[in-house]
Amino acid sequence: MENKVRDEFTARFKKVPKIFAAPGRVNLIGEHTDYNNGFVLPGAIDKKIYVAIAANGSNLMRLYACQYDQALTVDLQNLRPLPGWATYVAGMAQQIRERRLDIGGVDVVIGGDIPLGAGMSSSAALCSAFGLALDQLFELELSRLELARMGQQTEHEFAGVNCGIMDEFASLHGKKGQLIRLDCRNLEFEYVPFDYPDHAIVLVNTMVQHSLAATEYNTRRKQCEEGVSILKKRYPEIESLRDLSFSRLSLHKNELPPIIFRRCSFVVSENERVLRSCEYLRQHDLAAFGEMMLEAHAGLSELYEISCTESDFLVSLAKGFPGVKGARQMGGGFGGCTINLVERPALEEFLSHVRPAYESRFNKQPDIYMTAIGEGAERVE
Ligand code: GLA
């Protein structure tokens, strides 16, 4: 893929680019906890966005996106939200300018192999790859954490999604064979080894385009904040759902509107699940870990209500299938992929069970991806 963006760049701009790559992510457990200051357990994957780039001495960003076959010129003096992929590029440039850092015009070719709209964070990968590219090209000396924050701000201000920091953080801090246990309250993190050659992380794409921007994601965030503001009257010290245990939350069930209680109970128990899951991984107990994934799915579906018929169907196919340790809806929700932890010897049988069953129920074929936990964003030589 890096050769493809390099060749495309050379053909268009007649010079030699530098190339940067940033991965998408999987999240093993800890969904919708990041913007509640909670815990997540993502890892970077082996599918990436590639950015070929060179300075052009002007004030213009001349952009070409291979996956869309679209070319566009953006003036650095006039950065504003744009339709589609270009908004992430404009947004990152704007973030840099807001920090009063000096960048000039660039020629850019973007390509990649992260399936788009599948909940694997292609937009976070684009922000991370482009941010790192500008950082290195113009010697800005931004930290990876700062780049992650800038990606998150871009999502908020240029894409209208009030997301947490998990996706950008994972894309920038990934390590081969390691998950990242991130505490989203203080952004402290530790790597948790996830090196199980006898298991596969399988993503099954519902082929339902998740539309995060379409209000539901932001609504969930607001509902959590509403829960906090009601409970704060009792416990002034709490800042977020992270500061509550499930037993304390349950004491106040009747003071919360039922829908708010459901949302809060999911988040509070999901935080507890992430911590337990990390314990299980330390003990190499994948069976118990898989149980956590299944429990998480039940909560995502019934309490947080961000699953969909297709994801529920896929999880019910996986649940109890011999050799499948766990399965759940992954990412923002409303479609995208389910993540499945499958013993390798059972893989073939699992896939030949899922494919036809899904197709006959929904009349479409699910795309299936094998993922490996890989390195975070980097310059490609
Ligand atoms: C999307 C967001 C993340 C996170 C997940 C849900 O991927 O970008 O910040 O909230 O949804 O866990």
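Here are some worked exercises on a predicted model, with a task and a stepwise solution in each.

A note before starting: residues are numbered from 1 along each chain as its sequence is written, and side-chain values use heavy atoms, leaving out hydrogens and water. Since the model is predicted, local features need pLDDT of at least 70 and side-chain atom pairs count only at pLDDT 80 or more, while totals for chains, interfaces and linings use all residues.

**Exercise 1. The two domains**

Task: Find which residues make up domain 1 and domain 2, and how far apart their C-alpha centres lie.

Solution:
- Step 1. Look up the domain assignment, where bounds come from an automatic or database source. Domain 1 is 2-195 + 375-380, and domain 2 is 199-371.
- Step 2. Take the C-alpha centres of the two domains: they lie 25 Å apart.
- Step 3. Now list who touches whom, with contact meaning heavy atoms within 4.5 Å. Domain 1 brings 40 residues to the contact and domain 2 brings 48 residues.

**Exercise 2. The interface**

Task: Work out how much area is buried between domain 1 and domain 2, and which three residues of domain 1 supply the most.

Solution:
- Step 1. Recall that the size of an interface is often given as the accessible area lost when the parts come together. Here buried area is the accessible area (1.4 Å probe) that two parts lose on being put together, summed over both.
- Step 2. Read off the value: about 3500 Å², with carbon and sulfur atoms giving 62%.
- Step 3. Pick out the top three. Ile29, Glu31 and His32 supply 19% of the area that domain 1 buries against domain 2, more than any other three residues.
- Step 4. Check the charged pairs. A salt bridge puts a side-chain nitrogen of Lys or Arg within 4 Å of a carboxyl oxygen of Asp or Glu, and the interface has four of them. Separately, look at Glu31 again: it forms a salt bridge with Arg328, with the closest N and O atoms 2.7 Å apart.
- Step 5. Count polar contacts (pairs of N or O atoms within 3.5 Å; within protein, one must be able to donate a hydrogen and the other to accept it, and residues adjacent in sequence count only if both atoms are side-chain atoms). Between the domains, 22 residue pairs are in polar contact, both residues being at pLDDT 80 or more.
- Step 6. See which strands of domain 1 take part, using DSSP runs numbered from the N terminus (helices are H or I, at least four residues; strands are E, at least two). β1 (18-27), β2 (39-40), β3 (42-55), β7 (178-183) and β8 (188-193) each supply at least two residues of the side that touches domain 2.

**Exercise 3. Positive phi, and a buried arginine**

Task: Say where Lys14 and Asn37 are found, then list what Arg242 touches.

Solution:
- Step 1. Keep the background in mind: most residues other than glycine have a negative phi.
- Step 2. Start with Lys14, whose phi is about 55 degrees although it is not a glycine. Lys14 sits in the loop between α1 (2-13) and β1, and is exposed at 66% relative accessible area. The cut-offs are under 20% for buried, over 50% for exposed, and partly exposed in between (1.4 Å probe, protein chains only).
- Step 3. Go on to Asn37, with a positive phi near 60 degrees. Asn37 lies in the loop between β1 and β2 and is partly exposed at 25%.
- Step 4. Turn to Arg242, in the loop between α6 (216-231) and α7 (246-251). Arg242 is buried, at 15% relative accessibility.
- Step 5. List its neighbours, skipping residues up to four places away in sequence: Arg242 touches Asn36, Asn37, Gly38, Phe39, Asp183, Arg185 and Asn271. With Asp183, the side chains share a polar contact of 2.7 Å.

**Exercise 4. Salt bridges along the chain**

Task: State how many salt bridges the structure holds, and work out whether Arg25 and Asp167 are buried or exposed.

Solution:
- Step 1. The total is 22 salt bridges.
- Step 2. Arg25 pairs with Asp167, closest N and O atoms 2.8 Å apart. Arg25 is in strand β1 and Asp167 in helix α5 (residues 166-173), 142 residues apart.
- Step 3. Both Arg25 and Asp167 are buried.
- Step 4. Compare Asp107 and Arg62, joined by a salt bridge of 2.7 Å, N to O. Asp107 is buried at 0%, whereas Arg62 is partly exposed at 37%.
- Step 5. Add Lys15: salt bridges with shared partners join Lys15, Arg62 and Asp107 into one network.
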